[in-house]
Every structure is written in structure tokens, then in C-alpha cells.
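Here are some short exercises to work through with the model open in your viewer. Try each one yourself before you read the solution.

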Amino acid sequence: MKKILPIILTAAVLGTAATGCAAKTVQETTAAPAAQTTAAETTKAAETTQAAAEDDTKAEETTAAAEADAADPVKEAAISYFADFPEDRHMINVADLFVKMDAGEDMLIIDIRQPDAYAEGHLKGAVNIPYGPAIAENLDKIPDDVMLYVNCYSGQTSSQTVALLNIAGKYATNIQSGYNNGISVLDGYEAYIETTENVLLDETYEVDEAIAAAIGDYYAKATSDTFSSFNFPVDSLGELVDAESEDYTILSVRQAKDFAEAHIPGAFNIPFAKGMQEQFSQIPADKPVVVYCYTGQTASQVMGVLRMLGYEAYNLSGGMGSAEKETGWLGAGLPTVAE
């Protein structure tokens with residue numbers, strides 16, 4: 001019995017040890033997936049935290065950019081142009097203007113054509129401030145307490161000027177289609193024309209210094225740029241499109257329905273309307289942008305605003321135009337695509 005007892009005890013001890021090892025192995029096997037799950041959760045949590053941090057950084061950068069723009073009087077005024085856009089979109093047709101002239105409404109008409117064209121005949125009461133540096137030089141003499149109506153030859157450079165005058169704190173409206181395509185083609189227009197020279201009154205109006213400087217730079221560049229008055233030739237854009245160049249951005253500001261039916265290959269669309277500035281972030285800032293509309297007038301407003309925001313923007317001369325009238329993109333027989 002003495003020999004049997006140790007053997008029994010030894011067996012018991014070995015059994016217990018074996019049981020313990022088996023239990024430990026099971027526990028370790030069971031714990032392994034849990035450890036792996038914990039590691040995966042930790043990695044996922046870290047990735048989520050990093051993504052959140054990146055979102056916060058982007059939000060901070062966006063906020064900082066917005067605050068910087070708000071602190072810049074030029075950019076703030078340029079952004080406000082479309083944010084506070086009136087229903088008339090800063091445009092008036094000639095017939096409606098004549099009604100206002102007949103009613104004796106308080107206004108000032110600014111003719112920005114060259115002096116020789118002005119001398120041959122202009123709207124009654126109109127003063128001549130030729131497109132270019134002269135507008136910037138007379139900015140503080142142009143009233144801000146009366147409605148301004150501006151005309152050029154076709155409505156394109158006057159649209160630019162209207163945008164800049166409003167940014168400068170004036171109340172300016174473009175006379176649609178200008179003198180050649182609007183005023184002089186309306187029946188009875190002769191009754192509203194004179195050859196008398198009119199001048200600005202000897203009064204001054206306050207203009208923000210930074211805005212005045214920016215407008216001065218604008219007109220200095222406009223009269224010396226490769227593309228005069230920032231009007232981009234249709235044929236030049238046609239060559240870029242044909243070469244599938246990515247050196248330029250093409251922006252259509254026509255209405256969405258018209259864009260869908262036909263647009264210049266490679267163009268994208270931000271319809272001309274109040275609030276359109278909210279989509280300007282879609283426009284790449286690292287290359288030139290050519291803006292086009294129907295005739296070049298509304299695109300000229302957009303182009304002027306974009307230039308005040310720092311973009312190298314151009315207006316497509318004549319816009320989409322018309323094949324029948326042989327104007328603009330269609331008049332040149334250039335291709336379009338549909339969505």
C-alpha cells in the first residue's frame with residue numbers, strides 16, 4: 001500500500017498539471033481573437049481620429065480663407081456682387097431706358113466708347129469716360145447717389161465696367177447690346193441722341209483705397225494685355241479645344257437647360273444668377289479661365305468679378321453667339337456637345 005499511494009499521488013499531480021495546461025491552452029486560444037479584435041478596433045479608431053483631424057484642418061483652412069476674404073475689402077465687395085444680385089441683374093434694355101429718360105428720372109449716363117465715337121452722337125446727357133485707365137482715374141468723381149447707366153459699343157466692356165463700378169459702391173446698370181447693337185437699332189432712337197459734350201460735376205465721392213487701386217490695376221492690365229479688354233478670341237479658344245488643351249478652364253454661365261442642349265467641349269456650367277459666387281470654388285485658380293454666355297455681356301460681368309477675386313479670367317468675345325448672325329462660337333462654325 002505504501003508503494004501504491006505515491007503512484008496514485010503522482011498520477012493525480014500529473015493529471016492536475018495536464019488539466020491546467022489544457023485549460024491554459026484553451027484560454028490562450030480563446031484570448032487570441034479578442035486581442036486581434038482589440039488591435040483592429042484600435043487601428044480603426046486611430047484612422048477615424050486622423051480623418052476627423054483632417055476634416056477639422058480642412059474646415060479650419062476654409063474658415064481661415066473665408067475670414068481672409070472678409071478682411072480683404074476687394075474680395076468682400078466682389079463676393080457681395082452676386083450675393084446681393086438684383087432682379088434686373090444690372091441690365092436694362094434700350095426701350096426701358098428711353099421710358100425712364102422720357103419720365104425725367106434722375107440718372108447719369110456714362111458712354112465708355114472712344115471720344116471720336118462719342119462726338120459723333122451719344123445719348124442725351126451722357127458723359128464720356130473712355131474704357132480704360134480713365135475710368136479708374138475718375139472713380140471718385142462718379143456719383144454713388146444716383147443710378148448710372150453705362151453703354152459701350154456692344155455691351156461687353158460696359159458689362160465689365162458695371163461690375164467694377166458696383167464693387168466700388170456705385171449703382172450701375174449696363175445698357176444691353178451697347179450703342180451699335182442696341183441703341184442705334186431701335187426705331188426712333190434719334191430723338192434721344194445729341195452731340196453736345198457733357199462733363200462730370202466737380203464733386204468727389206469716397207471710394208475704398210484698396211478697391212480703387214484694384215480697379216486701377218484692372219484697367220491698366222486690360223489695355224495692355226495680349227487679349228485687349230480681356231476679350232478672348234473665338235478662334236484662339238477653338239484651337240485650344242481642338243488640341244484638347246488642359247491649360248485653360250472653360251466656364252459657361254448660360255442657363256442649365258441651354259448648357260445641356262449644347263456647350264463648348266470641355267466646359268462646365270455655373271448659371272448666371274444670384275448666389276452663383278457660392279460655386280466659384282469649383283474654378284481652378286492655378287490656370288486661366290475663359291467665361292462665356294450668350295453674347296458676351298453676362299460673361300463680362302462674371303469675368304470682371306473673378307478678376308477682382310484674383311482669377312486670370314477672360315470673356316469669350318461674342319459668347320456662344322449665333323450661326324445665323326455669324327457671331328461668337330457658333331458663328332465661327334465651331335463644334336458643340338450635349339450632355
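**Exercise 1. Work out which strands flank strand 2, and how they run relative to strand 2.**

Bear in mind that this is a predicted model.

Step 1. Begin with strand 4, residues 127–128: strand 2 pairs with strand 4 in the parallel sense, over two bridges. For a residue pair to click on, take D111, which stands opposite N128 in strand 4.

Step 2. Now go to strand 5, residues 147–151. Strand 2 and strand 5 also run parallel, and five bridges join them. Here you can pick I110, whose bridge partner in strand 5 is V150.

Step 3. Put that together: strand 2 has parallel pairings with strand 4 and with strand 5.

**Exercise 2. Extend the picture to the whole sheet: what is the strand order, and which strands are at the edges?**

Step 1. Carry on from strand 5. Strand 5 runs parallel to strand 6, with four bridges between them. V150 turns up again here, standing opposite N174 in strand 6.

Step 2. Strand 6 in turn is joined to strand 1 by two bridges, and that pair runs parallel too. I92 has I175 in strand 6 as its bridge partner.

Step 3. Read off the order: this is an open sheet of five strands, 1-6-5-2-4, with parallel pairing. The edges belong to strand 1 (91–92) and strand 4, each of which pairs on one side only.

**Exercise 3. Decide how well covered strand 2 and strand 6 are.**

Step 1. Count the buried residues. Strand 2 (residues 107–111) has five of its five residues buried, while strand 6 (residues 171–175) has four of its five buried. Both strands therefore count as mostly covered.

Step 2. Split strand 2 by face. In a regular strand, side chains alternate between the two faces of the sheet. M107, I109 and D111 sit on one side, with L108 and I110 on the other, and all of them are buried. Both faces of strand 2 are covered, then.

Step 3. For background, buried residues make up 40% of the 339 residues in the protein chain.

**Exercise 4. Find the edges of the sheet that contains strand 9 and explain why they are edges.**

Step 1. Get the order. This open sheet has five strands, arranged 8-12-11-9-10, with parallel pairing.

Step 2. Look at the ends. Strand 8 (231–232) and strand 10 (268–269) each have a single partner strand, so one side of each is left without a neighbour in the sheet.

Step 3. Check one end by hand. Strand 9 (residues 249–252) pairs with strand 10 in the parallel sense over two bridges, and L251 has F268 as its bridge partner in strand 10.

**Exercise 5. Is Q160 buried or exposed, and what does Q160 touch?**

Step 1. Locate Q160: it's in helix 6, residues 156–167.

Step 2. Check the accessibility. Q160 has 0% relative accessibility, so it counts as buried; the cut-off is under 20%.

Step 3. List the contacts. Skipping neighbours within four places in sequence, Q160 is in contact with Y131, Y218, S229, F230, N231, S300 and M303. With S229 there's a polar detail: the Q160 side chain reaches the backbone oxygen of S229 at 2.8 Å.

**Exercise 6. Now do A256: how accessible is A256, and which residues does A256 touch?**

Step 1. A256 belongs to helix 10, residues 256–261.

Step 2. Its relative accessibility is 44%, so A256 counts as partly exposed.

Step 3. Leaving out residues up to four places away in sequence, A256 touches N269 and P271. A256 and N269 are 13 residues apart in sequence, and their C-alpha atoms are 7.0 Å apart.

**Exercise 7. Describe the lining of the largest pocket by residue class.**

Step 1. Note the space: about 290 Å³ lies in the largest pocket.

Step 2. Select the lining, which consists of S154, Q156, S177, N181, Y294, T295, Q297, G318, G321, S322, K325 and T327.

Step 3. Sort by class. The lining has ten polar residues, one nonpolar and one charged.

Terms used:
Residues are numbered from 1 along each chain as its sequence is written. This is a predicted model: local features need pLDDT of at least 70, side-chain atom pairs count only at pLDDT 80 or more; totals for chains, interfaces and linings use all residues. Side-chain values use heavy atoms; hydrogens and water are left out. Buried means under 20% relative accessible area, exposed over 50%, partly exposed in between (1.4 Å probe, protein chains only). A polar contact is a pair of N or O atoms within 3.5 Å; within protein, one must be able to donate a hydrogen and the other to accept it, and residues adjacent in sequence count only if both atoms are side-chain atoms. Contact means heavy atoms within 4.5 Å. Two strands pair if DSSP finds at least two bridges between them. On a 1 Å grid over the protein atoms alone, a cavity is a set of points where a 1.4 Å probe fits but cannot get out, and a pocket is an open set with protein on both sides within 12 Å along at least five of seven lines; lining residues have an atom within 4 Å of a point. Grid points are joined across faces, edges and corners, and a volume is the space filled by probe spheres set on the points. Ala, Val, Leu, Ile, Met, Phe, Trp, Tyr, Cys and Pro count as nonpolar, Asp, Glu, Lys and Arg as charged, and the others, Gly among them, as polar.
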